[in-house]
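Here is a short set of exercises to work through with the viewer open. Try each task before you read its solution.

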Amino acid sequence: MTDRVSLPQTPEWQKLLELRQKPLANLSTLFREEPSRARRYIVGAAGLVLDYSKNLVDSEILQALFALAERAGLRDATAALFRGDEVNNTEHRPALHMLLRSPGNAGAREQEVHAALTRLEDFVAKVHTGRWKGYSDKAIRTVVNIGIGGSDLGPAMAAEALAPYHVRNFTCHFVSNVDPLHLEQTLAPLDPATTLFVIASKTFTTLETMQNANAARAWALTAGVPTTELGKHFVAVSANVEKAAAFGIAPANIFPMWDWVGGRYSLWSAIGLPIALAVGMDNFRELLHGAHQMDEHFRISEPAANMPVLLGLLTYWYYHAYGTESHAVLPYVQNLHLFPAFLQQLDMESLGKQVDRDGNKLDSQSGGIIWGSAGTNGQHSFHQLLHQGTRLIPADFIAALESHSSNREAHLHLLSNCFAQSQALMEGKSQMQAHAELLQQGTPAAEAQWLAPFKVCPGNRPSNTIMMRRLTPATLGALTALYEHKVFVQSVLLNMNAFDQWGVELGKVLSSSVYQALTAGSSCTRFDASTNALINMVRDNG
(Lines give C-alpha, C1' and ligand atoms only; values in the text may rest on other atoms or scores of the structure.)
Protein backbone atom coordinates (compact mmCIF):
# COMPACT_ATOMS: atom_id res chain seq x y z
CA MET A 1 0.00 0.00 0.00
CA THR A 2 1.15 3.58 -0.70
CA ASP A 3 -0.14 7.10 -0.24
CA ARG A 4 -0.09 7.86 -3.96
CA VAL A 5 -2.75 10.41 -4.84
CA SER A 6 -5.19 8.98 -7.38
CA LEU A 7 -6.10 11.06 -10.41
CA PRO A 8 -9.66 11.87 -9.25
CA GLN A 9 -8.08 13.72 -6.31
CA THR A 10 -5.64 15.81 -8.35
CA PRO A 11 -6.00 19.46 -9.40
CA GLU A 12 -5.78 18.33 -13.01
CA TRP A 13 -8.91 16.22 -12.65
CA GLN A 14 -10.71 18.92 -10.68
CA LYS A 15 -10.01 21.25 -13.59
CA LEU A 16 -11.60 18.73 -15.94
CA LEU A 17 -14.65 18.43 -13.70
CA GLU A 18 -15.02 22.21 -13.79
CA LEU A 19 -14.89 22.11 -17.57
CA ARG A 20 -17.45 19.29 -17.56
CA GLN A 21 -19.84 21.51 -15.59
CA LYS A 22 -19.53 24.33 -18.11
CA PRO A 23 -22.12 24.04 -20.88
CA LEU A 24 -20.22 22.81 -23.94
CA ALA A 25 -21.90 23.62 -27.22
CA ASN A 26 -23.32 20.53 -28.89
CA LEU A 27 -21.23 18.88 -31.54
CA SER A 28 -23.16 20.24 -34.50
CA THR A 29 -22.69 23.76 -33.15
CA LEU A 30 -18.98 23.17 -32.56
CA PHE A 31 -18.55 22.23 -36.21
CA ARG A 32 -20.39 25.38 -37.31
CA GLU A 33 -18.39 27.60 -34.98
CA GLU A 34 -15.06 25.93 -35.75
CA PRO A 35 -14.76 25.42 -39.54
CA SER A 36 -11.32 23.84 -39.14
CA ARG A 37 -12.47 21.32 -36.50
CA ALA A 38 -12.50 18.34 -38.86
CA ARG A 39 -8.93 19.12 -39.96
CA ARG A 40 -7.63 19.84 -36.47
CA TYR A 41 -8.98 16.72 -34.81
CA ILE A 42 -7.47 14.13 -37.11
CA VAL A 43 -4.30 12.05 -36.74
CA GLY A 44 -2.63 9.56 -39.07
CA ALA A 45 -0.08 6.84 -38.38
CA ALA A 46 0.93 3.36 -39.59
CA GLY A 47 -1.59 3.33 -42.42
CA LEU A 48 -4.50 4.40 -40.19
CA VAL A 49 -6.33 7.70 -39.84
CA LEU A 50 -8.22 8.64 -36.67
CA ASP A 51 -10.96 11.26 -36.94
CA TYR A 52 -11.88 12.19 -33.36
CA SER A 53 -13.68 15.44 -34.23
CA LYS A 54 -17.09 14.07 -33.19
CA ASN A 55 -16.13 13.98 -29.50
CA LEU A 56 -17.44 16.06 -26.62
CA VAL A 57 -14.22 18.04 -26.27
CA ASP A 58 -12.76 21.35 -27.27
CA SER A 59 -9.18 22.59 -27.22
CA GLU A 60 -9.39 23.55 -23.53
CA ILE A 61 -10.64 20.09 -22.52
CA LEU A 62 -8.00 18.38 -24.63
CA GLN A 63 -5.23 20.43 -23.06
CA ALA A 64 -6.57 19.54 -19.63
CA LEU A 65 -6.61 15.86 -20.59
CA PHE A 66 -2.99 16.07 -21.73
CA ALA A 67 -2.12 17.66 -18.38
CA LEU A 68 -3.89 14.77 -16.66
CA ALA A 69 -1.79 12.28 -18.64
CA GLU A 70 1.34 14.13 -17.58
CA ARG A 71 0.23 14.03 -13.94
CA ALA A 72 -0.39 10.29 -14.25
CA GLY A 73 3.18 9.79 -15.47
CA LEU A 74 2.16 8.41 -18.85
CA ARG A 75 5.41 9.44 -20.54
CA ASP A 76 7.55 7.67 -17.93
CA ALA A 77 5.24 4.64 -17.82
CA THR A 78 5.47 4.26 -21.60
CA ALA A 79 9.26 4.46 -21.45
CA ALA A 80 9.25 1.80 -18.72
CA LEU A 81 7.05 -0.47 -20.83
CA PHE A 82 9.36 -0.26 -23.85
CA ARG A 83 12.47 -0.45 -21.69
CA GLY A 84 11.38 -3.82 -20.34
CA ASP A 85 10.82 -2.80 -16.73
CA GLU A 86 8.74 -5.00 -14.42
CA VAL A 87 5.42 -3.37 -15.36
CA ASN A 88 3.55 -6.56 -14.42
CA ASN A 89 4.38 -6.04 -10.77
CA THR A 90 2.14 -8.77 -9.29
CA GLU A 91 3.83 -11.47 -11.37
CA HIS A 92 7.26 -9.77 -11.39
CA ARG A 93 7.53 -9.68 -15.17
CA PRO A 94 7.97 -7.21 -17.99
CA ALA A 95 5.38 -7.02 -20.76
CA LEU A 96 7.40 -7.26 -23.94
CA HIS A 97 4.87 -8.10 -26.65
CA MET A 98 6.38 -5.21 -28.66
CA LEU A 99 9.59 -7.23 -28.99
CA LEU A 100 7.64 -9.87 -30.88
CA ARG A 101 7.25 -7.49 -33.80
CA SER A 102 10.51 -5.55 -33.49
CA PRO A 103 12.91 -5.84 -36.45
CA GLY A 104 15.88 -5.40 -34.13
CA ASN A 105 17.84 -8.36 -32.80
CA ALA A 106 20.45 -6.79 -30.52
CA GLY A 107 19.20 -8.20 -27.23
CA ALA A 108 19.00 -11.81 -26.08
CA ARG A 109 15.21 -11.79 -26.03
CA GLU A 110 15.04 -10.31 -29.54
CA GLN A 111 17.36 -13.04 -30.76
CA GLU A 112 15.05 -15.64 -29.21
CA VAL A 113 12.10 -14.03 -30.99
CA HIS A 114 13.81 -14.04 -34.38
CA ALA A 115 15.00 -17.61 -33.89
CA ALA A 116 11.39 -18.63 -33.18
CA LEU A 117 10.20 -16.74 -36.28
CA THR A 118 12.77 -18.59 -38.36
CA ARG A 119 11.50 -21.89 -36.99
CA LEU A 120 7.94 -20.84 -37.82
CA GLU A 121 8.97 -19.85 -41.32
CA ASP A 122 10.67 -23.19 -41.94
CA PHE A 123 7.66 -25.10 -40.66
CA VAL A 124 5.13 -23.07 -42.64
CA ALA A 125 7.20 -23.58 -45.80
CA LYS A 126 7.27 -27.34 -45.24
CA VAL A 127 3.50 -27.48 -44.83
CA HIS A 128 2.72 -25.23 -47.80
CA THR A 129 5.12 -26.99 -50.17
CA GLY A 130 3.88 -30.44 -49.18
CA ARG A 131 7.18 -31.51 -47.64
CA TRP A 132 5.39 -32.00 -44.32
CA LYS A 133 3.15 -34.98 -44.87
CA GLY A 134 0.63 -36.86 -42.79
CA TYR A 135 0.78 -40.54 -41.86
CA SER A 136 -0.46 -41.66 -45.30
CA ASP A 137 2.05 -39.52 -47.18
CA LYS A 138 -0.59 -36.94 -48.12
CA ALA A 139 0.11 -33.23 -47.82
CA ILE A 140 -1.59 -31.22 -45.06
CA ARG A 141 -4.58 -29.26 -46.28
CA THR A 142 -6.28 -28.29 -43.00
CA VAL A 143 -5.04 -26.92 -39.69
CA VAL A 144 -7.12 -26.97 -36.51
CA ASN A 145 -5.92 -24.69 -33.74
CA ILE A 146 -6.91 -25.88 -30.27
CA GLY A 147 -6.56 -23.22 -27.60
CA ILE A 148 -8.62 -20.78 -25.57
CA GLY A 149 -8.46 -17.14 -24.55
CA GLY A 150 -5.39 -15.48 -25.99
CA SER A 151 -4.42 -18.75 -27.67
CA ASP A 152 -7.64 -18.60 -29.68
CA LEU A 153 -9.21 -15.13 -29.89
CA GLY A 154 -6.25 -13.30 -31.44
CA PRO A 155 -5.31 -15.91 -34.05
CA ALA A 156 -8.96 -16.59 -34.94
CA MET A 157 -9.66 -12.87 -35.33
CA ALA A 158 -6.60 -12.29 -37.50
CA ALA A 159 -7.11 -15.36 -39.67
CA GLU A 160 -10.72 -14.33 -40.31
CA ALA A 161 -9.80 -10.70 -40.95
CA LEU A 162 -7.19 -11.72 -43.53
CA ALA A 163 -9.39 -14.16 -45.46
CA PRO A 164 -8.54 -12.52 -48.84
CA TYR A 165 -4.90 -13.47 -48.20
CA HIS A 166 -5.48 -17.14 -47.40
CA VAL A 167 -3.28 -19.69 -49.10
CA ARG A 168 -5.24 -21.51 -51.79
CA ASN A 169 -6.51 -25.01 -51.05
CA PHE A 170 -5.71 -24.65 -47.37
CA THR A 171 -8.24 -24.17 -44.59
CA CYS A 172 -7.89 -23.07 -40.99
CA HIS A 173 -10.25 -23.84 -38.07
CA PHE A 174 -10.28 -22.79 -34.42
CA VAL A 175 -11.65 -24.82 -31.53
CA SER A 176 -11.79 -23.35 -28.03
CA ASN A 177 -14.95 -24.35 -26.18
CA VAL A 178 -14.90 -27.40 -23.94
CA ASP A 179 -18.44 -28.07 -25.19
CA PRO A 180 -17.70 -31.30 -27.13
CA LEU A 181 -19.87 -30.22 -30.05
CA HIS A 182 -17.42 -27.45 -30.91
CA LEU A 183 -14.70 -29.97 -31.72
CA GLU A 184 -16.98 -32.69 -33.08
CA GLN A 185 -18.73 -30.38 -35.54
CA THR A 186 -15.41 -28.93 -36.67
CA LEU A 187 -13.88 -32.36 -37.29
CA ALA A 188 -16.90 -33.98 -38.92
CA PRO A 189 -16.10 -32.93 -42.53
CA LEU A 190 -12.31 -33.18 -42.19
CA ASP A 191 -9.93 -35.84 -43.47
CA PRO A 192 -7.60 -37.03 -40.67
CA ALA A 193 -4.92 -37.88 -43.23
CA THR A 194 -4.59 -34.21 -44.27
CA THR A 195 -5.34 -32.48 -40.95
CA LEU A 196 -2.78 -30.92 -38.64
CA PHE A 197 -3.57 -29.88 -35.05
CA VAL A 198 -1.84 -27.00 -33.31
CA ILE A 199 -2.22 -27.37 -29.54
CA ALA A 200 -1.69 -23.91 -28.04
CA SER A 201 -1.29 -23.74 -24.28
CA LYS A 202 1.46 -22.07 -22.28
CA THR A 203 1.23 -24.60 -19.43
CA PHE A 204 -0.15 -27.51 -21.46
CA THR A 205 -2.58 -28.03 -18.57
CA THR A 206 -5.45 -25.68 -19.49
CA LEU A 207 -8.63 -27.71 -18.94
CA GLU A 208 -10.52 -26.75 -22.11
CA THR A 209 -7.49 -27.06 -24.35
CA MET A 210 -6.36 -30.41 -23.00
CA GLN A 211 -9.86 -31.89 -23.10
CA ASN A 212 -10.10 -30.94 -26.77
CA ALA A 213 -6.52 -32.04 -27.50
CA ASN A 214 -7.17 -35.49 -26.03
CA ALA A 215 -10.42 -35.77 -27.98
CA ALA A 216 -8.63 -34.76 -31.19
CA ARG A 217 -5.97 -37.40 -30.60
CA ALA A 218 -8.68 -40.02 -30.00
CA TRP A 219 -10.39 -38.94 -33.24
CA ALA A 220 -7.17 -39.35 -35.19
CA LEU A 221 -6.45 -42.77 -33.68
CA THR A 222 -10.00 -43.97 -34.35
CA ALA A 223 -9.68 -42.80 -37.95
CA GLY A 224 -6.63 -45.01 -38.44
CA VAL A 225 -3.66 -42.79 -37.69
CA PRO A 226 -1.06 -45.11 -36.12
CA THR A 227 0.12 -44.14 -32.66
CA THR A 228 3.67 -43.95 -33.97
CA GLU A 229 2.58 -41.46 -36.65
CA LEU A 230 0.57 -39.06 -34.46
CA GLY A 231 3.51 -36.66 -34.41
CA LYS A 232 2.88 -35.92 -38.07
CA HIS A 233 -0.53 -34.50 -37.15
CA PHE A 234 0.18 -32.66 -33.90
CA VAL A 235 2.44 -29.73 -33.09
CA ALA A 236 2.36 -27.47 -30.05
CA VAL A 237 2.95 -23.92 -28.91
CA SER A 238 3.84 -24.12 -25.24
CA ALA A 239 6.32 -23.22 -22.53
CA ASN A 240 5.94 -26.70 -21.02
CA VAL A 241 8.03 -28.85 -23.36
CA GLU A 242 7.94 -31.80 -20.97
CA LYS A 243 4.14 -32.08 -20.90
CA ALA A 244 3.79 -31.46 -24.64
CA ALA A 245 6.35 -34.20 -25.30
CA ALA A 246 4.48 -36.55 -22.95
CA PHE A 247 1.38 -35.91 -25.05
CA GLY A 248 3.28 -37.27 -28.04
CA ILE A 249 4.67 -34.18 -29.74
CA ALA A 250 8.33 -34.20 -30.70
CA PRO A 251 10.34 -31.44 -28.98
CA ALA A 252 11.41 -30.18 -32.41
CA ASN A 253 7.74 -29.47 -33.14
CA ILE A 254 7.06 -27.55 -29.93
CA PHE A 255 7.24 -23.82 -30.53
CA PRO A 256 8.12 -21.51 -27.63
CA MET A 257 6.06 -19.21 -25.43
CA TRP A 258 7.57 -16.80 -22.93
CA ASP A 259 6.31 -15.61 -19.56
CA TRP A 260 6.98 -12.00 -20.56
CA VAL A 261 4.14 -12.17 -23.10
CA GLY A 262 0.58 -12.31 -21.78
CA GLY A 263 -1.92 -14.50 -23.57
CA ARG A 264 -4.03 -11.65 -24.88
CA TYR A 265 -0.90 -10.05 -26.34
CA SER A 266 0.51 -13.22 -27.89
CA LEU A 267 -0.84 -13.46 -31.45
CA TRP A 268 2.45 -11.94 -32.63
CA SER A 269 4.39 -14.92 -31.25
CA ALA A 270 4.33 -18.59 -32.19
CA ILE A 271 0.70 -18.46 -31.02
CA GLY A 272 0.25 -16.86 -34.44
CA LEU A 273 1.34 -20.09 -36.16
CA PRO A 274 -2.20 -20.75 -37.49
CA ILE A 275 -2.25 -17.20 -38.89
CA ALA A 276 1.02 -17.85 -40.71
CA LEU A 277 -0.30 -21.18 -41.97
CA ALA A 278 -3.49 -19.49 -43.18
CA VAL A 279 -1.93 -16.49 -44.97
CA GLY A 280 1.73 -17.38 -45.46
CA MET A 281 4.81 -16.19 -43.62
CA ASP A 282 5.33 -13.07 -45.74
CA ASN A 283 1.90 -11.80 -44.78
CA PHE A 284 2.48 -12.75 -41.15
CA ARG A 285 5.63 -10.64 -41.18
CA GLU A 286 3.62 -7.76 -42.66
CA LEU A 287 1.22 -8.12 -39.74
CA LEU A 288 4.18 -7.73 -37.38
CA HIS A 289 5.51 -4.79 -39.37
CA GLY A 290 2.23 -2.88 -39.13
CA ALA A 291 2.13 -3.42 -35.37
CA HIS A 292 5.75 -2.26 -35.04
CA GLN A 293 4.92 0.94 -36.90
CA MET A 294 2.15 1.64 -34.39
CA ASP A 295 4.54 0.82 -31.53
CA GLU A 296 6.95 3.46 -32.77
CA HIS A 297 4.16 5.99 -33.27
CA PHE A 298 2.97 5.42 -29.69
CA ARG A 299 6.49 5.51 -28.28
CA ILE A 300 7.70 8.77 -29.83
CA SER A 301 4.65 10.90 -30.72
CA GLU A 302 3.51 13.78 -28.56
CA PRO A 303 0.09 13.29 -26.91
CA ALA A 304 -1.76 15.67 -29.25
CA ALA A 305 -0.64 13.60 -32.26
CA ASN A 306 -0.67 10.17 -30.59
CA MET A 307 -3.54 7.90 -31.58
CA PRO A 308 -3.44 5.48 -28.61
CA VAL A 309 -3.07 8.37 -26.15
CA LEU A 310 -6.00 10.26 -27.65
CA LEU A 311 -8.25 7.19 -27.64
CA GLY A 312 -7.27 6.30 -24.07
CA LEU A 313 -7.83 9.82 -22.77
CA LEU A 314 -11.19 10.16 -24.49
CA THR A 315 -12.40 6.87 -23.06
CA TYR A 316 -11.23 7.92 -19.59
CA TRP A 317 -13.05 11.25 -20.06
CA TYR A 318 -16.34 9.55 -20.86
CA TYR A 319 -16.09 6.85 -18.19
CA HIS A 320 -15.18 9.23 -15.39
CA ALA A 321 -16.68 12.60 -16.33
CA TYR A 322 -19.86 11.38 -18.03
CA GLY A 323 -20.32 8.10 -16.16
CA THR A 324 -20.52 5.99 -19.29
CA GLU A 325 -20.17 2.27 -18.67
CA SER A 326 -19.59 0.77 -22.09
CA HIS A 327 -17.94 1.40 -25.43
CA ALA A 328 -19.15 0.12 -28.80
CA VAL A 329 -16.72 -1.04 -31.48
CA LEU A 330 -18.34 -1.07 -34.91
CA PRO A 331 -16.19 -2.35 -37.77
CA TYR A 332 -17.71 -1.64 -41.17
CA VAL A 333 -15.51 -4.36 -42.63
CA GLN A 334 -17.17 -7.76 -42.50
CA ASN A 335 -13.90 -9.63 -42.08
CA LEU A 336 -13.37 -7.75 -38.82
CA HIS A 337 -16.52 -9.20 -37.29
CA LEU A 338 -14.46 -11.01 -34.61
CA PHE A 339 -12.55 -7.85 -33.69
CA PRO A 340 -15.00 -6.69 -30.97
CA ALA A 341 -14.80 -10.12 -29.31
CA PHE A 342 -11.00 -9.95 -29.43
CA LEU A 343 -11.09 -6.48 -27.87
CA GLN A 344 -13.37 -7.73 -25.10
CA GLN A 345 -10.58 -9.90 -23.79
CA LEU A 346 -7.86 -7.34 -24.45
CA ASP A 347 -9.69 -4.52 -22.69
CA MET A 348 -11.86 -6.21 -20.07
CA GLU A 349 -9.26 -8.72 -18.89
CA SER A 350 -6.66 -5.95 -18.68
CA LEU A 351 -8.82 -3.30 -16.98
CA GLY A 352 -11.42 -5.37 -15.13
CA LYS A 353 -9.79 -4.86 -11.71
CA GLN A 354 -10.83 -3.28 -8.43
CA VAL A 355 -7.45 -2.32 -6.97
CA ASP A 356 -4.57 -0.28 -8.33
CA ARG A 357 -0.95 -1.33 -8.76
CA ASP A 358 -0.32 -0.76 -5.06
CA GLY A 359 -3.26 -2.82 -3.84
CA ASN A 360 -5.40 0.21 -2.99
CA LYS A 361 -9.10 -0.06 -3.77
CA LEU A 362 -10.00 2.11 -6.75
CA ASP A 363 -11.98 5.23 -5.91
CA SER A 364 -13.55 5.31 -9.35
CA GLN A 365 -14.76 2.73 -11.84
CA SER A 366 -12.18 0.76 -13.78
CA GLY A 367 -12.65 -0.63 -17.27
CA GLY A 368 -15.91 -0.60 -19.14
CA ILE A 369 -17.93 -3.08 -21.17
CA ILE A 370 -16.66 -3.49 -24.72
CA TRP A 371 -19.15 -4.72 -27.27
CA GLY A 372 -20.21 -4.39 -30.88
CA SER A 373 -20.54 -6.19 -34.19
CA ALA A 374 -19.89 -5.66 -37.85
CA GLY A 375 -21.82 -2.96 -39.64
CA THR A 376 -24.37 -2.90 -41.15
CA ASN A 377 -25.76 -5.79 -39.10
CA GLY A 378 -25.67 -3.78 -35.88
CA GLN A 379 -27.85 -1.10 -37.42
CA HIS A 380 -30.71 -3.58 -37.44
CA SER A 381 -30.27 -4.57 -33.80
CA PHE A 382 -28.54 -2.48 -31.14
CA HIS A 383 -28.07 0.84 -32.97
CA GLN A 384 -31.57 1.73 -31.79
CA LEU A 385 -30.12 1.92 -28.26
CA LEU A 386 -27.20 4.06 -29.47
CA HIS A 387 -29.52 6.59 -31.10
CA GLN A 388 -32.52 6.78 -28.77
CA GLY A 389 -31.60 4.96 -25.57
CA THR A 390 -31.09 6.85 -22.32
CA ARG A 391 -27.46 5.72 -21.98
CA LEU A 392 -24.57 7.62 -23.50
CA ILE A 393 -22.41 5.06 -25.33
CA PRO A 394 -19.31 6.29 -27.18
CA ALA A 395 -18.52 4.33 -30.33
CA ASP A 396 -15.59 3.58 -32.61
CA PHE A 397 -16.42 3.19 -36.30
CA ILE A 398 -13.78 1.31 -38.32
CA ALA A 399 -13.83 1.36 -42.11
CA ALA A 400 -11.68 0.95 -45.23
CA LEU A 401 -11.57 3.19 -48.27
CA GLU A 402 -11.27 0.16 -50.54
CA SER A 403 -12.74 -3.32 -50.43
CA HIS A 404 -11.22 -6.60 -51.50
CA SER A 405 -14.41 -7.05 -53.49
CA SER A 406 -14.71 -5.63 -56.99
CA ASN A 407 -18.28 -4.50 -56.23
CA ARG A 408 -17.52 -0.83 -55.63
CA GLU A 409 -21.16 0.21 -55.59
CA ALA A 410 -21.92 -2.12 -52.68
CA HIS A 411 -18.82 -0.90 -50.86
CA LEU A 412 -19.94 2.71 -51.26
CA HIS A 413 -23.30 1.73 -49.76
CA LEU A 414 -21.39 0.25 -46.82
CA LEU A 415 -19.35 3.43 -46.32
CA SER A 416 -22.42 5.64 -46.68
CA ASN A 417 -24.04 3.70 -43.84
CA CYS A 418 -20.92 3.99 -41.70
CA PHE A 419 -20.56 7.74 -42.13
CA ALA A 420 -24.32 8.34 -41.81
CA GLN A 421 -24.45 6.48 -38.51
CA SER A 422 -21.77 8.64 -36.90
CA GLN A 423 -23.42 11.72 -38.39
CA ALA A 424 -26.82 10.71 -37.02
CA LEU A 425 -25.38 10.03 -33.57
CA MET A 426 -23.92 13.53 -33.61
CA GLU A 427 -26.79 15.51 -35.14
CA GLY A 428 -29.82 13.60 -33.89
CA LYS A 429 -33.33 14.85 -34.69
CA SER A 430 -35.32 17.35 -32.63
CA GLN A 431 -39.04 17.12 -31.95
CA MET A 432 -39.56 20.19 -34.09
CA GLN A 433 -37.73 18.54 -37.00
CA ALA A 434 -39.68 15.33 -36.57
CA HIS A 435 -42.98 17.23 -36.47
CA ALA A 436 -42.13 19.21 -39.60
CA GLU A 437 -41.13 16.05 -41.48
CA LEU A 438 -44.38 14.33 -40.58
CA LEU A 439 -46.41 17.28 -41.80
CA GLN A 440 -44.39 17.38 -45.02
CA GLN A 441 -45.19 13.69 -45.53
CA GLY A 442 -48.89 14.47 -45.33
CA THR A 443 -49.49 13.19 -41.79
CA PRO A 444 -52.59 14.83 -40.22
CA ALA A 445 -51.64 17.58 -37.78
CA ALA A 446 -52.98 15.87 -34.65
CA GLU A 447 -51.26 12.60 -35.47
CA ALA A 448 -48.01 14.41 -36.32
CA GLN A 449 -48.15 16.19 -32.96
CA TRP A 450 -48.64 12.87 -31.18
CA LEU A 451 -46.07 10.88 -33.18
CA ALA A 452 -43.22 13.40 -33.22
CA PRO A 453 -41.78 12.56 -29.74
CA PHE A 454 -41.28 8.94 -30.81
CA LYS A 455 -38.98 10.06 -33.60
CA VAL A 456 -36.72 12.26 -31.51
CA CYS A 457 -33.03 11.31 -31.40
CA PRO A 458 -31.13 13.47 -28.91
CA GLY A 459 -27.87 13.49 -30.89
CA ASN A 460 -24.66 14.92 -29.44
CA ARG A 461 -23.42 11.36 -29.01
CA PRO A 462 -19.67 10.95 -29.46
CA SER A 463 -17.80 8.67 -31.82
CA ASN A 464 -14.41 8.11 -33.40
CA THR A 465 -13.87 6.99 -36.97
CA ILE A 466 -10.76 4.96 -37.82
CA MET A 467 -10.03 4.67 -41.52
CA MET A 468 -7.53 2.66 -43.55
CA ARG A 469 -7.03 2.37 -47.27
CA ARG A 470 -7.67 -1.36 -47.19
CA LEU A 471 -7.66 -4.09 -44.58
CA THR A 472 -4.25 -5.69 -45.13
CA PRO A 473 -1.92 -7.64 -42.85
CA ALA A 474 -0.05 -4.41 -42.08
CA THR A 475 -3.12 -2.31 -41.30
CA LEU A 476 -4.59 -5.11 -39.20
CA GLY A 477 -1.34 -5.21 -37.23
CA ALA A 478 -1.44 -1.46 -36.72
CA LEU A 479 -5.12 -1.51 -35.71
CA THR A 480 -4.57 -4.27 -33.17
CA ALA A 481 -1.51 -2.58 -31.67
CA LEU A 482 -3.43 0.70 -31.53
CA TYR A 483 -5.97 -0.84 -29.16
CA GLU A 484 -3.27 -2.64 -27.16
CA HIS A 485 -1.63 0.69 -26.44
CA LYS A 486 -4.96 2.43 -25.82
CA VAL A 487 -5.62 -0.11 -23.06
CA PHE A 488 -2.16 0.56 -21.62
CA VAL A 489 -2.87 4.31 -21.56
CA GLN A 490 -6.07 3.68 -19.63
CA SER A 491 -4.22 1.43 -17.18
CA VAL A 492 -1.69 4.18 -16.47
CA LEU A 493 -4.46 6.69 -15.81
CA LEU A 494 -5.97 4.19 -13.38
CA ASN A 495 -2.55 3.28 -11.90
CA MET A 496 -3.46 -0.31 -12.70
CA ASN A 497 -1.51 -3.41 -13.75
CA ALA A 498 -2.91 -4.21 -17.20
CA PHE A 499 -1.01 -7.47 -17.54
CA ASP A 500 -2.33 -9.79 -14.81
CA GLN A 501 -5.77 -11.45 -14.56
CA TRP A 502 -6.18 -13.00 -11.14
CA GLY A 503 -9.98 -13.00 -11.36
CA VAL A 504 -9.84 -15.58 -14.15
CA GLU A 505 -8.15 -18.06 -11.82
CA LEU A 506 -11.00 -18.27 -9.29
CA GLY A 507 -13.44 -19.87 -11.70
CA LYS A 508 -10.80 -22.36 -12.82
CA VAL A 509 -10.18 -23.47 -9.23
CA LEU A 510 -13.87 -23.80 -8.40
CA SER A 511 -14.68 -25.71 -11.59
CA SER A 512 -12.32 -28.49 -10.52
CA SER A 513 -14.17 -29.15 -7.26
CA VAL A 514 -17.55 -28.86 -9.01
CA TYR A 515 -16.43 -31.47 -11.56
CA GLN A 516 -15.43 -33.81 -8.70
CA ALA A 517 -18.91 -33.41 -7.23
CA LEU A 518 -20.56 -34.08 -10.60
CA THR A 519 -18.68 -37.38 -10.91
CA ALA A 520 -18.90 -38.45 -7.26
CA GLY A 521 -20.96 -41.41 -6.09
CA SER A 522 -23.34 -39.53 -3.81
CA SER A 523 -25.57 -36.48 -3.82
CA CYS A 524 -23.81 -33.16 -3.42
CA THR A 525 -24.20 -31.18 -0.21
CA ARG A 526 -20.82 -29.41 0.00
CA PHE A 527 -21.65 -26.14 -1.77
CA ASP A 528 -24.37 -23.52 -1.48
CA ALA A 529 -27.95 -24.70 -1.96
CA SER A 530 -28.22 -23.45 -5.54
CA THR A 531 -24.97 -25.06 -6.71
CA ASN A 532 -25.85 -28.31 -4.92
CA ALA A 533 -29.26 -28.38 -6.64
CA LEU A 534 -27.74 -27.80 -10.08
CA ILE A 535 -25.13 -30.51 -9.56
CA ASN A 536 -27.74 -32.98 -8.34
CA MET A 537 -29.96 -32.15 -11.31
CA VAL A 538 -27.15 -33.26 -13.61
CA ARG A 539 -26.45 -36.35 -11.52
CA ASP A 540 -30.13 -37.34 -11.48
CA ASN A 541 -30.21 -36.98 -15.26
CA GLY A 542 -27.13 -39.13 -15.69
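**Exercise 1. A strand pair**

Which residue in S10 does Leu 330 stand opposite?

*Solution.* Keep in mind that you are working with a predicted model. Start with the two strands: S8 covers residues 326-331 and S10 covers residues 395-400. They pair in the parallel sense, over four bridges. Now look across from Leu 330, and you will find Phe 397 of S10.

**Exercise 2. The whole sheet**

Place that pair in its sheet, then find the helices that pack on it.

*Solution.* Begin with the strand order, S1-S2-S11-S10-S8-S9, which describes an open sheet of six strands with mixed pairing. At the edges are S1 (42-45) and S9 (369-371), each paired on one side only. From one strand to the next, the twist averages 15°. Next, add helix H14 (residues 339-351): this helix touches S8, S9 and S10, and its direction makes about 165° with that of S9. Finally, helix H16 (residues 408-427) lies across S10 and S11 (463-468), at about 160° to S10.

**Exercise 3. Helix span**

Compare the length of helix H12 with the expected value, and list some of its buried residues.

*Solution.* H12 runs over residues 281-300, which gives 20 residues. At 1.5 Å a residue, 28 Å is expected. From first to last C-alpha the helix reaches 29 Å, close to that value. Its buried residues include Phe 284, Leu 287, Leu 288, Ala 291 and Asp 295.

**Exercise 4. Cores**

Which residues have the most contacts inside the largest nonpolar core?

*Solution.* This core holds 122 residues, and the ones to pick out are Leu 277, Phe 339 and Leu 479. Follow Leu 479: beyond its sequence neighbours up to four places away, this residue touches Leu 48, Leu 336, Phe 339, Ile 398, Ile 466 and Met 468. Another core, of 21 residues, lies apart; among its members are Val 144 and Phe 204.

**Exercise 5. Cysteines**

Why is Cys 418 not bonded to Cys 457?

*Solution.* First find the closest cysteine sulfur to that of Cys 418: it belongs to Cys 457 and is 18 Å away. A disulfide needs the two sulfurs within 2.5 Å, so this separation is too far for a bond. The count of disulfides comes to zero. As for its surroundings, Cys 418 is buried, with a relative accessible area of 1%.

**Exercise 6. A serine**

Is Ser 491 buried or exposed?

*Solution.* Locate Ser 491 in helix H19 (residues 473-493). Its relative accessible area is 1%, so Ser 491 is buried. Beyond neighbours within four places in sequence, Ser 491 contacts Leu 351, Met 496 and Ala 498.

Note on methods
Residues numbered from 1 in each chain as written. Predicted model: local features only at pLDDT ≥ 70, side-chain atom pairs only at ≥ 80, totals over all residues. Heavy atoms only, no water. Buried < 20%, exposed > 50% of the residue type's maximum accessible area, 1.4 Å probe, protein only. Contact = heavy atoms within 4.5 Å. Pairing = 2+ DSSP bridges. Axes fitted to C-alpha atoms, helices over the stretch in contact; angles between N-to-C directions. Expected span 1.5 Å × (residues − 1). Core = buried A, V, L, I, M, F, W, Y, C linked by side-chain atoms within 4.5 Å.
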